[in-house]
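User: Could you take a close look at one loop residue in this model for me? I would like to hear about its surroundings.

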Amino acid sequence: MTDILQEIVAHKRIEVERMKREMPADTLRAIIERATGEPVPSLKAALKTSTTGIIAEFKRRSPSKGWLNESAQAAEVPLEYQLNGAAAISILTDVEFFGGSDGFITEARKAGVTLPVLYKNFIVDEYQLLKARLYGASAVLLIASVLGREECKRLMDAAHGLGLEVLLELHGEDELGYAELCPDVCGVNNRNLGTFATDVANSLRMAERLPKELCKISESGISDVKTAARLRAAGYDGFLIGESFMREEHPGRALRRFVFGLDTMQTSNGTTPRRVKVCGMTEPGNALAVARLGVDMVGFILSKASPRHASPQHMKAVCAAIDGMADCKRRPMKVGVFVNEATEGIVSAAKEYGLDCIQMHGNETAWQLIELRAALSRESLGSVLLIKAVSVAEREDVERATEYTAVADLLLFDAKGKAAGGNGTRFSWDVLKAYRGTLPFILSGGISPECAADIAAFKHPKFAGIDLNSRFETAPGVKNTIALEQFIDEIKDLTQQKTI
């Protein structure tokens, strides 16, 4: 242990002794025994059944970086995490160094959080386990570098006796012996708790040494879906992510983008549901009706040259309506489509409308996407996904798409035409065999109600979804929701038949 960790643990021991004087352990235990309620949900089970395994963390402050989000409320952010795809919630309860509180768990539960909640603190005494149980946690964190092996085993047994699961956190290969204690979940922390520097490569090294049967998560320094997908492939069941979400104005939206991106990265020949994006809407009521169909993404063209240009007035109305949808689990991603727009204008629109994705549909270069991503990060919008549209007619068009591999999150292959998009024409999908890139892609260009069988039959390891636009319109910018619903249902039916 080095400086910061030593300071935290020393303070924690003093803090626990003070709490014991204020309320003896026997009194606390008696309160717990008298309390009745529903059993808390299992953290391990949630991670094992989730496709993404994200433990989203409510963390307002960091000892090394100061306040991340001082105004964040425990009655709001954890519930937003739950509504936007988290497998579980982690709540920092340390007061002195992280601006937390035990009461944050109670606030989250009262607000409606039913997911497993991890009591995130520096546990050095069984008394803290009683507190975690009292406030409604599902699991507690035990840190190997803070506890001797026997002490860790004693606390683990005590936690289990209280109906709590244990996330045992390791930092290096010298702590691998602790895994023999068979914790419910084993976490590999990429952060040096002495210096607070992070290195995700630590998890990749440790994955090879940990027992395969252990439920494993990677913690700290995970801020992009590509890293998470790589860790998932290495054998991790999940990830604990906090800072990258908490730095944003709306942490729940940041999580939603991350979940979508990770799900999309894992798409491979129908092993995950194909995504449906409906683009080019101009009327708020029509856009909301489309969103309620359960589509994954709704796109709005913000280029004034397009006949499907969404005006600022309509954008504000429809974005507010989508963000306020009651069934938030079905809330689609909001995509802003830009054509050769200046970076400043794109960032301004992303902030004003709360965009989840930005689609670049002009002749933007990879360098322009790099500049845009940097500008978004400066405005705490680093989790906004970048989609690069590539106009396709020939094999060479597909091959050049690989230049965006390191700078975009998703590609969209569209047919070449007079307009930047919405031409209603289809290109030969056979040319996509030439695509050998690592980014997933969305198929666009002239997809009509008659294309369901072709889409169900189309195979490519990076095929992530479809983009529907002009061929599902009753007028430019107005979608036929009946035709869309029938088409989406047909796609699902055909896809299921092919997997049986």
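Analyst: Happy to! Asn 190 touches Ala 197, Thr 198, Asp 199, Val 200, Asn 202, Ser 203, Ser 218, Glu 219, Ser 220 and Ile 222, leaving aside residues up to four places away in sequence; contact here means heavy atoms within 4.5 Å. The model is predicted, and local features need pLDDT of at least 70, side-chain atom pairs count only at pLDDT 80 or more, while totals for chains, interfaces and linings use all residues. Residues are numbered from 1 along each chain as its sequence is written, and side-chain values use heavy atoms, with hydrogens and water left out.

Where does Asn 190 lie? Its place is the loop between strand S8 (185–189) and helix H8 (201–207); helices (H or I, at least four residues) and strands (E, at least two) are DSSP runs, numbered from the N terminus. With a relative accessible area of 4%, Asn 190 is buried (under 20% is buried, over 50% exposed, and in between partly exposed, using a 1.4 Å probe and protein chains only).

Among its neighbours, Glu 219 stands out for a polar link: the side chain of Asn 190 reaches the backbone oxygen of Glu 219 at 2.8 Å. A polar contact is a pair of N or O atoms within 3.5 Å; within protein, one must be able to donate a hydrogen and the other to accept it, and residues adjacent in sequence count only if both atoms are side-chain atoms.

For another loop asparagine, turn to Asn 340, between strand S13 (333–338) and helix H14 (343–353). Asn 340 is partly exposed, at 45% relative accessible area, and has a positive phi of about 50° although it is not a glycine.
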